[in-house]
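Here is a walk through a two-chain model, written for someone who likes the cut-offs spelled out. Have the coordinates open while you read.

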Amino acid sequence: MAANRRLRSVGSPAGEAVVPVDELLADVARGDDGAFADVFDALADVVYGVVRRLVRDPALSEEVTQEVFLEVWRTAPRFDAERGSARTWVLTMAHRRAIDRVRSEQSSRDRNDRVGRRDDDRPFDSVSETAEQHDEHRRVAEALDTLTGVQREAVELAYYHGYTYREVAELLGTPLGTIKTRMRDGLIRLRDAMGVTR
Amino acid sequence: MTPPPDIHTLTGVYAVDALPDDEREQFEAHLQVCEACRQEVDELRATAALLAEPVAETPPASLRERVLAGADQQRQVPPRTTVTDLASRRRTPVWATALAGSAAAALLIAVIGLSFAVTSLTDRLDELEVAAGEQREQAALISDVLASPDAQVVSLTGEDGSVVNLVLSHETGRAVFVADGMEPAPHEHTYEMWVIHDDRAVPVGVFDPGPDGRVTHTVTGDLDRAVAIGVTIEPEGGSPEPTTDPVMLLEL
């Protein structure tokens with residue numbers, strides 16, 4: 001439980017006095033649609049942002065964002081606070097759904113044209129450019145700076161670009177085992193820098 | 001069937017959704033049985049979620065209305081019944097009803113002689129022993145369990161002739177589930193096994209029958225106060241608690 005408070009406090013934008021998403025979600029679980037609207041307001045930007053980052057197409061990103069929130073509504077009664085904060089739960093769902101959408105689009109594209117090239121128009125840009133806008137962003141950016149260059153590259157290629165670790169290994173010409181280790185070590189370092197602890 | 005030995009190192013890859021679909025399934029099955037990985041995944045997911053913060057972007061205003069209208073038309077899932085509920089249902093005997101009425105399982109309890117069970121297990125042992133690596137480990141485990149002084153065999157015979165054996169030893173806290181002729185689990189589902197205690201059901205792994213319906217699934221853990229071993233059909237990757245009535249129940 002202490003862990004959840006901790007996760008929530010690092011996961012919410014600094015300085016805003018709002019009803020924590022965890023409490024809102026408990027109300028959503030009891031069918032409170034007003035609380036659901038509040039959850040949407042609290043998380044829409046960050047959910048849409050991560051979906052858009054992965055999916056790119058704005059219309060498709062809206063569609064996926066809508067699916068994510070409807071899944072939040074539908075499955076709120078099964079949210080397990082023991083496993084983490086509500087914010088993490090929703091963002092995990094958003095990231096995964098966006099990845100699934102990217103993969104299924106990718107495989108239908110691969111089926112339709114044999115070339116099956118990756119979206120190389122997606123620039124490998126750095127998070128820190130936009131990070132100054134917000135305290136929380138700066139904290140994340142600073143924490144990312146504690147990663148080694150190769151750890152950060154592996155984590156960002158997976159999280160922001162939706163590559164599988166096999167694709168990352170291929171892209172970087174690096175053995176699979178090394179990529180696995182970089183992703184895990186990178187996240188562990190980030191976890192420690194952000195004070196996400198149990 | 002047995003995951004690679006370094007599967008624990010996949011926590012980071014899993015937390016950023018970078019496992020290909022097939023490996024993701026395998027890792028999720030592993031998570032059902034590995035508390036250490038589950039904890040690490042929870043932490044790393046909370047960490048990965050922070051990466052969403054810097055890329056926040058306001059969606060078009062129309063989205064809010066569509067989402068709220070959508071929720072208005074969707075029914076919420078019921079909360080998962082707690083394990084305590086499951087245990088009390090068992091006493092007012094849902095498990096028994098599931099078995100008795102079970103067209104789905106078409107299973108018939110047959111407490112059969114130890115010797116028969118041992119014969120069929122020995123046959124399986126021979127097969128496993130000629131096979132390589134992981135299977136040989138299973139064979140060794142079955143031999144071990146059979147050799148325990150308190151070895152006990154529980155068997156079910158299906159109407160279709162399928163046979164399920166569970167050989168277990170309370171003393172060593174180990175059991176091996178061996179089945180033939182099991183139907184594949186429904187699409188996007190898997191079988192999950194549970195050690196049923198009076199007050200809870202402990203997940204002990206997911207499994208999928210081989211091409212010939214064969215299953216060898218090993219269980220380690222506290223079997224001392226276990227009252228039954230159950231098998232349910234769960235969504236792919238398994239569930240932390242049973243979400244369906246059992247298709248098989250082996251009372252101990």
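In chain A, 66% of the contacts with a separation of 6 or more are between residues 24 or more positions apart, a contact being heavy atoms within 4.5 Å. For chain B the corresponding share is 61%. Keep in mind that this is a predicted model, where local features need pLDDT of at least 70 and side-chain atom pairs pLDDT 80 or more, while totals for chains, interfaces and linings use all residues. On bookkeeping, residues count from 1 along each chain as its sequence is written, chains are lettered from A and ligands numbered from 1 in the order written, and side-chain values use heavy atoms, with hydrogens and water left out.

**The two chains**

Chain A has 10 helices and 0 strands, so to speak a plain run of α-α-α-α-α-α-α-α-α-α along the sequence. Chain B mixes things, with 8 helices and 9 strands. Helices here are DSSP runs of H or I with at least four residues, strands are runs of E with at least two, and both are numbered from the N terminus. Of the 198 residues in chain A, 49% are buried; of the 252 in chain B, 50% are. Buried means under 20% relative accessible area, exposed means over 50%, and partly exposed is in between, with a 1.4 Å probe and protein chains only.

One residue of chain A to look at is A:Val150, in helix 8 (residues 149–159). A:Val150 counts as partly exposed, at 36% relative accessibility. Its C-alpha atom is 9.0 Å from that of A:Ile179, 29 residues away along the chain.

**Where helices of the two chains meet**

Helix 10 of chain A (residues 176–194) packs against helix 3 of chain B (residues 35–50), at an angle of about 75° and with axes 9 Å apart. Axes are lines fitted to C-alpha atoms, for helices over the stretch in contact, and angles run from 0 to 180 degrees between N-to-C directions. These two helices are therefore roughly perpendicular; that label covers 65 to 115 degrees, with under 35 roughly parallel, over 145 roughly antiparallel and the rest oblique. On the chain A side, the contact involves A:Arg184, A:Leu187, A:Ile188, A:Leu190, A:Arg191 and A:Met194, and on the chain B side B:Glu40, B:Glu43, B:Leu44, B:Thr47, B:Ala48 and B:Leu50. Sorted by class, that gives 7 nonpolar, 1 polar and 4 charged residues. Nonpolar here is Ala, Val, Leu, Ile, Met, Phe, Trp, Tyr, Cys and Pro, charged is Asp, Glu, Lys and Arg, and the others, Gly among them, are polar.

**A four-stranded sheet in chain B**

Chain B has an open sheet of 4 strands in the order 6-5-8-9, with antiparallel pairing. Strand 6 and strand 9 (248–251) are at the edges with a single partner strand each, so one side of each has no neighbour in the sheet. On average, neighbouring strands are turned by 25° against each other, direction ignored. Two strands pair if DSSP finds at least two bridges between them. Here are the pairings:

| Strands of chain B | Sense | Bridges | Example of facing residues |
|---|---|---|---|
| 5 and 6 (residues 201–207) | antiparallel | 5 bridges | B:Tyr191 and B:Phe207 |
| 5 and 8 (residues 228–235) | antiparallel | 8 bridges | B:Ile196 and B:Ala228 |
| 8 and 9 | antiparallel | 4 bridges | B:Gly230 and B:Leu249 |

Helix 2 of chain B (residues 21–33) packs on the sheet and touches strand 5 and strand 6, its direction making about 155° with that of strand 6. Strand 5 is joined to strand 6 by a hairpin through 4 residues. How much of strand 5 is buried? In strand 5 (residues 189–196), 7 of the 8 residues are, so the strand is largely enclosed by the rest of the structure.

**Two cysteines without a bond**

B:Cys34 lies in the loop between helix 2 and helix 3 of chain B. Its C-alpha is 9.4 Å from that of B:Gly205, although the two are 171 residues apart in sequence. B:Cys34 is buried at 10% relative accessibility, and B:Cys37 is buried at 4%. The sulfur of B:Cys37 is the closest cysteine sulfur to that of B:Cys34, at 3.4 Å, too far for a bond. The cut-off for a disulfide is a pair of cysteine sulfur atoms within 2.5 Å, and by that rule the count is 0 disulfides over all chains.
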